[in-house]
Amino acid sequence: MTLSTITTKTKNYTVANSGVLNHLNVVDLSPQSHHPSTTSATKRFIDILGAIVGLIITSLVAFPVTIATLASDPGPILYSQIRCGLNGRTFRIWKFRSMVVDADKLKSIVKNQAKGHIFKSTDDPRITPLGKFLRRTSLDELPQFWNVLMGDMSIVGTRPPTPDEVVKYAPHHWERLRVKPGITGEWQTHGRSNINDFETIVHMDINYQRKWSITYDLMLIFKTIWVVLHRKGAY
């Protein structure tokens, strides 16, 4: 990724000049803007350890998910999509497929029930019956532990947005991308899919950055386990 600096009336910004973000959405990448969670060796150690455990669980779940997927909706077992991570850098996220094949091409026929730069539908017709189960139990997200191991994601962070969402960001929305995207975080533990206002999500993500500590991350991880077991707010 190449970086070029531009000057505004109030401050200098660095442009993340990738193929997705070349319309001059701006990100301040100066050293003082780096969030401490992005350089914490302890957080990275927890991510690696958690990713190894998560991938072991993923390997155990993969066989029954594969059989069920092939029996109910033949096609790829895994689904991948380009997402935006730390400071807008793009990466490929992995999940167990919960929608019909080529679901991204059918997105335009589904009504967006969310407000702002996110996409949510409580009754998305692209989701398969098996996919609904995978989403309610959060099993579809297990392959993301590979993204954590590779360093593109963290166990705890922000929801990783899609490029078509990011290209619409106002400058203050970029604040949420100062930390790595996470499998879980404030949004996932305080309502999950029941929260459909993007500005609320931005507020929660920035609030996470302000409150961040290793102890707080561990608290959110344990809270996530409780939320998943009780299937709160997932669809």
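The following exercises, each with a worked solution, concern a predicted model of a protein.

**Exercise 1. Overall composition**

Determine how many helices and strands the protein has, and establish in which order they follow one another along the sequence.

*Solution.*
Step 1. The count gives seven helices and seven strands.
Step 2. Reading along the sequence, one obtains the pattern β-β-β-α-β-β-α-α-β-α-β-α-α-α.
Step 3. The protein has 235 residues, of which 47% are buried.
Step 4. For contacts between residues at least 6 apart in sequence, 66% join residues at least 24 apart.

**Exercise 2. The pair α1 and α7**

Describe how helices α1 and α7 are arranged relative to each other, and state which residues meet.

*Solution.*
Step 1. Two packed helices are described by the angle between their axes and by the distance between those axes.
Step 2. Here the helices are α1, residues 41–72, and α7, residues 214–229; their axes come within 10 Å and cross at roughly 25°.
Step 3. Angles under 35 degrees count as roughly parallel, and α1 is therefore roughly parallel to α7.
Step 4. The handedness of the α1 and α7 crossing is right-handed.
Step 5. On the α1 side the contact involves Thr-42, Lys-43 and Ile-46, which meet Ile-214, Asp-217 and Leu-218 in α7.
Step 6. Sorted by character, the residues of this contact comprise three nonpolar, one polar and two charged.

**Exercise 3. Helix α6 and its buried residues**

Compare the span of helix α6 with the expected value, then identify its buried residues and what they pack against.

*Solution.*
Step 1. Helix α6 covers residues 198–211, which gives 14 residues.
Step 2. From the first C-alpha to the last, α6 reaches 20 Å, close to the 20 Å expected at 1.5 Å a residue.
Step 3. The buried residues of α6 are Phe-198, Ile-201, Val-202, Met-204, Asp-205, Ile-206, Tyr-208 and Gln-209.
Step 4. Their packing partners are helix α1, strand β6 (154–156), helix α5 (186–189) and helix α7.

**Exercise 4. Positive phi outside glycine**

Asp-102 and Ser-138 each have a positive phi without being glycine. For each residue, give the phi value, the location and the degree of burial.

*Solution.*
Step 1. Asp-102 has a phi near 60°, and its place is in the loop between β5 (90–96) and α2 (129–136).
Step 2. The relative accessibility of Asp-102 is 47%, so the residue counts as partly exposed.
Step 3. Ser-138 has a phi of about 65° and is found in the loop between α2 and α3.
Step 4. Buried means under 20% relative accessible area; Ser-138, at 11%, is therefore buried.

**Exercise 5. Gln-144 in helix α3**

Is Gln-144 buried or exposed, and which residues does Gln-144 touch beyond four places in sequence?

*Solution.*
Step 1. Gln-144 is found in helix α3, residues 144–150.
Step 2. Its relative accessible area is 4%, so Gln-144 is buried.
Step 3. Once residues up to four places away in sequence are set aside, Gln-144 touches Ile-93, Trp-94, Lys-95, Met-153 and Ile-183.

**Exercise 6. Residues far apart in sequence**

For Leu-55, Arg-136 and Ile-221, locate each residue and give its C-alpha separation from a partner distant along the chain.

*Solution.*
Step 1. Leu-55 lies in helix α1; with a relative accessible area of 24%, Leu-55 is partly exposed.
Step 2. Leu-55 and Phe-145 are 90 residues apart along the chain, and their C-alpha atoms are separated by 6.0 Å.
Step 3. Not counting residues up to four places away in sequence, Leu-55 touches Phe-145, Trp-146 and Leu-149.
Step 4. Arg-136 is found in helix α2 and, at 36% relative accessibility, counts as partly exposed.
Step 5. Between Arg-136 and His-230 there are 9.4 Å from C-alpha to C-alpha, although the two are 94 residues apart in sequence.
Step 6. Ile-221 lies in helix α7; Thr-189 is 32 residues away from Ile-221 in sequence and 8.8 Å away in space, C-alpha to C-alpha.
Step 7. Leaving aside neighbours within four places in sequence, Ile-221 is in contact with Ile-155 and Val-156.

Note on methods:
Residues numbered from 1 in each chain as written. Predicted model: local features only at pLDDT ≥ 70, side-chain atom pairs only at ≥ 80, totals over all residues. Heavy atoms only, no water. Axes fitted to C-alpha atoms, helices over the stretch in contact; angles between N-to-C directions. Helix = DSSP H or I, 4+ residues; strand = E, 2+ residues; numbered from the N terminus. Parallel < 35°, antiparallel > 145°, perpendicular 65-115°, else oblique. Left-handed = near helix turned anticlockwise from the far one by under 90°. Contact = heavy atoms within 4.5 Å. Nonpolar A, V, L, I, M, F, W, Y, C, P; charged D, E, K, R; others polar. Expected span 1.5 Å × (residues − 1). Buried < 20%, exposed > 50% of the residue type's maximum accessible area, 1.4 Å probe, protein only.
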